[in-house]
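The exercises below are meant to be worked through with the sequence and the structure side by side. Each one sets a task and is followed by a solution that proceeds in steps.

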Amino acid sequence: MTDYDERTALVVVDMQNDFADPNGSLYVRGGEEVVPVANREIAGAAEAGALVVYSQDWHPESTPHFQKDGGVWPVHCVRDTWGAEFHPDLHVLEGAEVLRKGTGGEDGYSVFTVRDPESGEEAPTRLEELLRERGIERLVMVGLAQDYCVKDTVLDARRLGFHATVPLEATRPVDLEPGDGDRATLQMREAGADIG
Ligand code: VGL
Ligand code: ZN
């Protein structure tokens, strides 16, 4: 388990049924194995009084993010559906901050930014402000998927000057192309993240 203090925040990325349940529409192999590992990190963070933030991929029924609408992904994490709900075994702390991304049809890979899939224009979410308000300097990222949302969140965290850690057993890659997960690990390390 990672060490937590009040300058460290845990970001629990997209631990939702469509990614983490074998019946999910964009199931990430081994995703359910991440749940108990994430729960241990959540417990450790809570015990140390560290901030815990959860993200949810939260799409409308139609979005250029989906294959059927011109994008690359099967329909997943449509707002207010089973697939978009947190995995039932995930420990969601009472009163914790939940950030939803992609709500307006954007691609929301990084928890820090959303991106218009047509114009490419990027806009920040509330995450950075939330962290700055609390004087957070260091982030621990767990969740799904390693080669998309976790990676992009880590790269944004580094760009914004946060120290970033990812315990590898607490994430899994989609591996759309074989090796994507390993390439994501390298990319995150090159950006100065601690990937263990
Ligand atoms: C994600 C693919 C599409 C993720 C979200 O959470 O990593 N991946 N949408
Ligand atoms: Zn998505």
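**Exercise 1. The shell around the ligand**

How many nonpolar, polar and charged residues does the shell around ligand 1 have?

Solution. Keep in mind from the outset that this is a predicted model. Begin by listing the surrounding residues, which are Asp14, Phe19, Leu26, Asp57, His65, Trp73, His76, Tyr109, Leu144, Ala145, Tyr148 and Cys149. Then sort them by class, and the shell comes out as eight nonpolar, two polar and two charged residues. In this sorting Tyr, Trp and Cys count as nonpolar, whereas Asp counts as charged.

**Exercise 2. Polar atoms facing the ligand**

Find which atoms of Asp14, His65 and Ala145 lie beside N or O atoms of ligand 1, and then state how much of the ligand's accessible area the protein covers.

Solution. Take the oxygen atoms of the ligand to start with: a polar side-chain atom of Asp14 lies 2.6 Å from an oxygen atom of ligand 1, and a backbone N or O atom of Ala145 lies 3.0 Å from an oxygen atom of ligand 1. Next, turn to nitrogen, where an N or O atom in the side chain of His65 is 3.1 Å from a nitrogen atom of ligand 1. Finally, consider the cover: on its own, ligand 1 has 260 Å² of accessible area, and the protein covers 100% of this. The space that ligand 1 takes is also the largest cavity.

**Exercise 3. From the ligand to a second layer**

Which side chain makes a polar contact with the side chain of His65, and is the residue that carries it buried or exposed?

Solution. Start from His65, which is one of the residues surrounding ligand 1. Its side chain makes a polar contact, at 2.6 Å, with the side chain of Asp107. To place this partner, look in the loop between strand S3 (97-101) and strand S4 (113-115), where Asp107 is found. The last step is a comparison with the cut-off: Asp107 has a relative accessible area of 10%, and therefore it is buried, since buried means under 20%.

**Exercise 4. The passage from strand S6 into helix H4**

Follow the chain from Leu144 to Gly161, and describe the peptide bond at the start, the buried residues of the helix and the residue after it.

Solution. The bond that joins Leu144 and Ala145 is a cis peptide bond, with omega about -10°. Ala145 itself is found in the loop between strand S6 (138-144) and H4, and both Leu144 and Ala145 are among the residues surrounding ligand 1. Moving on into helix H4 (residues 146-159), one finds that the buried residues are Gln146, Asp147, Cys149, Val150, Lys151, Thr153, Val154, Asp156 and Ala157. To read this pattern, recall that an α-helix has 3.6 residues a turn, so residues three or four places apart point the same way. After H4 comes Gly161, whose phi is positive, near 90°.

**Exercise 5. Positive phi outside glycine**

Compare Cys77 and Asp175 by phi, and decide for each whether it is buried or partly exposed.

Solution. Phi of Cys77 is near 45°, and phi of Asp175 is near 50°; each is a positive value in a residue other than glycine. As to position, Cys77 lies in the loop between strand S2 (51-57) and S3, while Asp175 lies in the loop between strand S8 (171-172) and helix H5 (180-190). For accessibility, Cys77 is at 0% and so counts as buried, whereas Asp175 is at 32% and so counts as partly exposed.

**Exercise 6. Separation in sequence and in space**

What are the C-alpha separations of the pairs Val140 and Glu41, Val166 and Leu139, and Leu130 and Glu97?

Solution. Val140, in strand S6, is 99 residues from Glu41 in sequence, yet the C-alpha atoms are 8.9 Å apart. Val166, placed in strand S7 (residues 163-166), is 27 residues from Leu139 in sequence and 8.6 Å from it in space. Leu130, found in helix H3 (residues 127-133), is 33 residues along the chain from Glu97, with 9.3 Å between their C-alpha atoms. As a last step, check burial: Val140 is at 0% relative accessibility, Val166 is at 0% and Leu130 is at 3%, so each of them counts as buried.

Terms used
Residues numbered from 1 in each chain as written. Chains lettered and ligands numbered in written order. Predicted model: local features only at pLDDT ≥ 70, side-chain atom pairs only at ≥ 80, totals over all residues. Heavy atoms only, no water. Near = heavy atom within 4 Å. Polar contact = N/O pair within 3.5 Å; in protein donor to acceptor, adjacent residues only side chain to side chain. Areas by Shrake-Rupley, 256 points an atom, 1.4 Å probe, with all protein chains shown as cover. 1 Å grid on protein atoms, 1.4 Å probe; cavity = no way out; pocket = protein on both sides within 12 Å on 5 of 7 lines; lining within 4 Å. Sits in = over half its atoms within 2 Å of the grid points. Buried < 20%, exposed > 50% of the residue type's maximum accessible area, 1.4 Å probe, protein only. Helix = DSSP H or I, 4+ residues; strand = E, 2+ residues; numbered from the N terminus.
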